[in-house]
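Here are my notes on the model you sent, set out as numbered points. Please read them with the structure open beside you.

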Amino acid sequence: MTQHIHPTALSYLDLHPEVAAALDAGQAVVALESTIISHGMPFPQNVEMARGVEDVVREHGAVPATIAVLGGRLKVGLTPDELHLLATDGGVDKISTRDLPVTVALGKHGATTVASTMRIAALAGIRVFATGGTGGVHRGAGETMDISADLLELARTDVCVVSAGVKSILDIGLTLEVLETQGVPAITLGETEFPAFYSRRSGFTSPLSVKTPAEAARVLKAKWDLGLSGGVMLANPVPADSEIPAAEITPHIEQALRDMDALGLTGKETTPYLLGRIVEITGGRSLETNIALVRNNARVAAQVAVAFAENAE
Ligand code: PSU
Ligand code: MN
């Protein structure tokens with residue numbers, strides 16, 4: 001599948017040999033992001049999560065490719081030392097698509113968000129990506145215009161993002177509206193209700209649903225065969241035994257939002273702050289839920305990637 005590599009991007013990409021071999025052989029590869037490591041979870045749980053998620057991808061027959069920018073190089077597949085650096089070095093920026101050219105040109109390190117990870121995955125020819133939750137339309141976006149670049153990247157980049165839905169620190173209804181406007185299928189696996197990250201239920205009916213990872217893989221093939229460019233949001237509800245029900249997490253989320261407003265935080269700092277504050281308020285329980293749902297998404301992403309690779313000609 002190396003023919004999918006964007007020609008002028010080649011000289012900026014460092015494909016891990018195992019990832020390169022898998023792509024050459026048309027085998028299933030799953031992209032993983034790095035903002036969740038550097039800015040989404042505390043040490044040492046972040047590096048344990050990152051390693052564990054790679055193992056889950058392997059156990060389900062695919063090759064993991066954790067993505068980051070290191071010294072200005074687009075890294076697709078990381079060594080254990082590189083994962084450790086991302087988990088411990090406080091100087092690694094959170095970088096979205098807009099930041100990529102600066103981080104590359106200045107030779108800096110960057111932990112990639114869903115948006116920038118999608119873009120790098122696409123440059124490398126990887127079509128399936130697992131994360132925790134995607135960004136979305138922030139509450140109050142009517143005033144702040146804070147709409148995650150993840151949504152716009154889903155509109156233009158041909159990658160399927162497997163997440164546990166959209167955190168209820170965001171406005172889920174408006175997020176689904178923006179995805180519809182942009183022509184992005186928001187598809188829930190195995191349920192008719194769209195999930196809310198920590199919780200299986202959001203109160204919003206899922207625009208679309210599939211029953212199995214194999215069905216999701218057929219949707220991807222149909223979409224791209226039809227020339228419908230852009231991504232797919234595949235929402236995979238958190239396992240029932242790990243969820244924090246909506247009624248329980250909502251007051252904690254509202255507390256975190258109030259604390260954030262009091263500090264006057266805006267822009268790219270909001271999501272890392274809110275995730276960290278919710279871990280504090282829940283005494284670590286939300287971190288356990290976050291890790292469980294990322295692992296569950298890695299499993300499903302591997303299953304989708306394997307089925308997609310089998311269907312590809
Ligand atoms: N979901 C998580 N942990 C995270 C993120 C999402 O469970 O750390 C990150 C992802 O990298 C996502 C980013 O792309 O938060 C969204 O940030 P923003 O809202 O600034 O677009
Ligand atoms: Mn934002």
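1. F197 is found in the loop that runs between β9 (186–189) and β10 (208–210). In this predicted model, phi of F197 is near 65°, which is a positive value in a residue other than glycine. F197 counts as buried, because 31 C-beta neighbours lie inside 10 Å and the cut-off for a buried residue is 20 or more.

2. A positive phi in a residue other than glycine also appears at M145, where the angle is near 60°. M145 belongs to the loop between α7 (141–144) and α8 (149–156). Is M145 buried or exposed? M145 counts as exposed, because there are 9 C-beta neighbours inside 10 Å, and a residue with 12 or fewer is placed in that class.

3. The peptide bond that joins F43 and P44 is cis, with omega at about 5°. When you inspect this bond, note that P44 has its place in the loop between α2 (35–38) and α3.

4. Helix α3 covers residues 45–59, and E48 is found in this helix. E48 counts as partly exposed, because it has 13 C-beta neighbours inside 10 Å. From E48 to T113 the separation is 65 residues in sequence and 19 Å in space, taken from C-alpha to C-alpha.

5. The axes of α3 and helix α4 (residues 80–88) come within 9 Å and cross at roughly 145°, and α3 passes α4 in a right-handed crossing. On the α3 side the contact is made by N46, V47, A50 and R51, while α4 contributes L83, H84 and A87. Sorted by character, the residues of this contact between α3 and α4 divide into 4 nonpolar, 2 polar and 1 charged.

6. A second helix pair that deserves a look is formed by α11 (residues 246–263) and α12 (residues 270–281), whose axes come within 9 Å and cross at roughly 130°. That angle makes α11 oblique to α12, and the crossing in which α11 passes α12 is right-handed. The contact is made by H252, I253, Q255, A256, D259 and M260 of α11, together with T270, Y273, L274, R277, I278 and I281 of α12. How do the residues of the contact of α11 with α12 divide, and what is the number of nonpolar ones? They divide into 7 nonpolar, 3 polar and 2 charged.

7. Turning to the strands, β1 (residues 13–15) and β4 (residues 73–76) pair in the parallel sense over 3 bridges, whereas β3 (residues 63–70) and β4 pair in the antiparallel sense over 4 bridges. V76 of β4 is a useful place to follow both pairings, since V76 is the bridge partner of L15 and I67 also stands opposite V76.

8. Which residue takes a positive phi in the hairpin of β3 and β4? In this hairpin, which has 2 residues between the strands, G71 takes a positive phi near 55°. In checking the backbone angles, G71 can be listed beside M145 and F197, with the remark that the values at M145 and F197 occur in residues other than glycine.

Definitions and conventions. Residues are numbered from 1 along each chain as its sequence is written. Chains are lettered from A and ligands numbered from 1 in the order in which they are written. This is a predicted model: local features need pLDDT of at least 70, side-chain atom pairs count only at pLDDT 80 or more; totals for chains, interfaces and linings use all residues. Two strands pair if DSSP finds at least two bridges between them. Axes are lines fitted to C-alpha atoms, for helices over the stretch in contact, and angles run from 0 to 180 degrees between N-to-C directions. Angles under 35 degrees count as roughly parallel, over 145 as roughly antiparallel, 65 to 115 as roughly perpendicular and the rest as oblique. A crossing is left-handed if the near helix is turned anticlockwise from the far one by less than a right angle, and right-handed if clockwise. Two residues are in contact if their C-beta atoms, placed from the backbone, lie within 7 Å. Ala, Val, Leu, Ile, Met, Phe, Trp, Tyr, Cys and Pro count as nonpolar, Asp, Glu, Lys and Arg as charged, and the others, Gly among them, as polar.
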